[in-house]
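This report goes through selected side-chain contacts, strand pairings and backbone details of one model. The structure is shown first.

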Amino acid sequence: MRGLITAAAAIFRRGKISQNFGYFCNQSRALCSLPRNDTVDDDLKSQVLVEGKAHSRVAILNRESVLNALNTNMGARLLSLYRSWEDNPDVGFVTLKGSGRAFCAGGDIVGLYHLINQGKFDHCREFFWKLYSFIYVLGTYLKPHVAILHGTTMGGGGGVSIPGTFRVATDRTVFATPETLIGFHPDAGASFYLSHLPGHLGEYLGLTGETLTGPEMIACGLATHYTHSSRLRLLEEHLDKLVTDDPSDIEASLGKYGELVHPDKMSVLRRIEAVDRCFSHDTVEEIICSLESEASRTNDPWCNSTLRRLAEASPLSLKVSLRSIREGRFQTLDQCLVREYHMSLQGVSKNISADFHEGVRARMVDKDLAPKWDPPNLERVTEDMVEQYFSPLSPQEPDLALPTKEREAFT
């Protein structure tokens, strides 16, 4: 029976995706190395609040001062809560939202930066293990899931929402995967969902880190519903009273408070043919050459702004991210997470390059906005570097252990 429910949930998710076709916070700090006592335990629990409703549960990401950036504790707590709710017959569905003006600005990258400085690599490993494990549970969840993407939704914020059943965007939603700008790669399942966007939009978003609005998320399928912020409280109150475990009932409720929206005239989605022409090429160098040619032919300011954005990113990250998204197009969610786990450990290890550490320093710590990338340009990024990025740290490094036999991933 569990297998039948899992299959039904996967089919429903696939239908929602096809139907619609930290930015990381400034003051993030990791708390996974704090000593444990009652006061600390209470503080850690407060980072993910829980509200019990008529026939549902609401999880609230609650690090408002840092735009609800995710740390190890939050990943572990979400994992524990969601597993317990899945087995609870009194819980029909789950809602996830954020405190304040953000849903979630991504992972606690400043916390990771300090852990690297302290030589606490095992803590970094635990962060990725817990977060990616939760994302897999969300992507195979047996009960309907509603993520309310009100405000900043970036990086890992997409990872803890997009694999779920429903994603509600608003007029204040700002989505992005800006990892290449800090010397990293789109992770937390991003290589899966970016690769399944229309055409080569995923490559564009993953390489440039450019933002999308709520209407743009609806248009490309990243969000399933749109509600204006003035009606959001009414929607939440309606969901609080809902007694159901039927996705169709929840979808009808979301539609009741939703509205039809379209991207504005300046949206990148109005240039999807140009995006496909430029970002369909096999290499980053060819993509840049195509953008330059498009710019000279059309005089479209979008081409030049995109080129400037690519010039800001880590050259190594650009090549790694392009390959990751391309591989994700032919992999299941679990395969993407396992691969991204090894990539993320390589990214924070400094074995190949210190670009992640340098990118966080330049943009989030010292804020001089002048990262010194290594290698400094695309020409000096070798195939061996990229290949190593996709390999385990050592032959003894275990894969991310996901319960694939019990929970079948969707494709």
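In this predicted model, a polar atom of the histidine 55 side chain lies 3.0 Å from the backbone oxygen of aspartate 90. Histidine 55 belongs to the loop between E1 and E2. Its relative accessible area is 17%, and the limit for a buried residue is under 20%, so histidine 55 counts as buried. Leaving aside residues up to four places away in sequence, histidine 55 touches Pro89, Asp90, Val91, Gly92 and Phe93, and also Leu242, Val243 and Thr244.

**The six-strand sheet**

The strands on either side of that loop form a hairpin, with three residues joining E1 to E2. E1 and E2 run antiparallel and are joined by five bridges. In this pairing valine 48 stands opposite leucine 61 of E2. Leucine 61 also stands opposite glycine 98 in E3.

E2 (residues 56-61) and E3 run parallel, with six bridges between them. Together with helix H3 (residues 72-86), E2 and E3 make a β-α-β unit that is right-handed. Strand E3 covers residues 93-98, and five of its six residues are buried. E3 also pairs with strand E5 (residues 145-149), in the parallel sense and over three bridges. There, threonine 95 stands opposite valine 146 of E5.

These strands are part of an open sheet of six strands with mixed pairing, in the order E1-E2-E3-E5-E7-E10. Strand E1 (48-52) and strand E10 (225-226) are at the edges; each has a single partner strand, so one side of each is left without a neighbour in the sheet.

**The four-strand sheet**

Another open sheet has four strands in the order E4-E6-E8-E9, again with mixed pairing. Its edges are strand E4 (102-104) and strand E9 (212-213), each with a single partner strand, so one side of each is left without a neighbour in the sheet. E4 runs parallel to strand E6 (residues 152-154), and two bridges join them. Alanine 102 stands opposite threonine 152 in E6.

**Aromatic pairs**

How many aromatic pairs does a search of the whole structure find? The search finds eleven. Two of the pairs are tabulated here.

| Ring pair | Distance between centres | Angle between planes | Class |
|---|---|---|---|
| Tyrosine 82 and tyrosine 141 | 5.3 Å | 50 degrees | tilted |
| Phenylalanine 128 and tyrosine 132 | 5.8 Å | 55 degrees | tilted |

The tyrosine 82 and tyrosine 141 pair links distant parts of the chain, as the two residues are 59 residues apart. Tyrosine 82 is in helix H3, and tyrosine 141 is in the loop between helix H5 (121-139) and E5. Tyrosine 82 is buried at a relative accessible area of 0%, and tyrosine 141 is buried at 0%.

The second tabulated pair is local to helix H5: phenylalanine 128 and tyrosine 132 are four residues apart there, which means a separation of about one helical turn. Phenylalanine 128 is buried, with a relative accessible area of 1%, and tyrosine 132 is buried with 0%. Phenylalanine 128 and tyrosine 132 also belong to one aromatic cluster, together with Phe127, Phe184 and Phe356.

One contact of another kind involves an arginine: arginine 323 lies over the face of phenylalanine 390, at 4.1 Å from the ring centre.

**Backbone details**

Where is the residue proline 375 found? Proline 375 is in the loop between helix H17 (355-365) and helix H18 (383-389). The peptide bond that joins aspartate 374 and proline 375 is cis, with omega at about 0 degrees.

Leucine 369 lies in the loop between H17 and H18. Although leucine 369 is not a glycine, its phi is positive, at about 55 degrees. Leucine 67, in the loop between E2 and H3, also is a residue other than glycine with a positive phi, near 55 degrees.

Are these two leucines buried or exposed? Leucine 67 has 10% relative accessibility and counts as buried, whereas leucine 369 is exposed, with a relative accessible area of 57%.

Terms used
Residues are numbered from 1 along each chain as its sequence is written. This is a predicted model: local features need pLDDT of at least 70, side-chain atom pairs count only at pLDDT 80 or more; totals for chains, interfaces and linings use all residues. Side-chain values use heavy atoms; hydrogens and water are left out. Buried means under 20% relative accessible area, exposed over 50%, partly exposed in between (1.4 Å probe, protein chains only). Two strands pair if DSSP finds at least two bridges between them. A crossover is right-handed if, with the strands pointing away from the viewer, the path from the first strand over the helix to the second runs clockwise. A polar contact is a pair of N or O atoms within 3.5 Å; within protein, one must be able to donate a hydrogen and the other to accept it, and residues adjacent in sequence count only if both atoms are side-chain atoms. Contact means heavy atoms within 4.5 Å. Rings of Phe, Tyr and Trp (its six-membered ring) pair if their centres lie within 6.5 Å; planes under 30 degrees apart count as stacked, over 60 as edge-to-face and the rest as tilted. A charge sits over a ring if NZ of Lys or CZ of Arg is within 6 Å of the ring centre and within 35 degrees of the ring normal.
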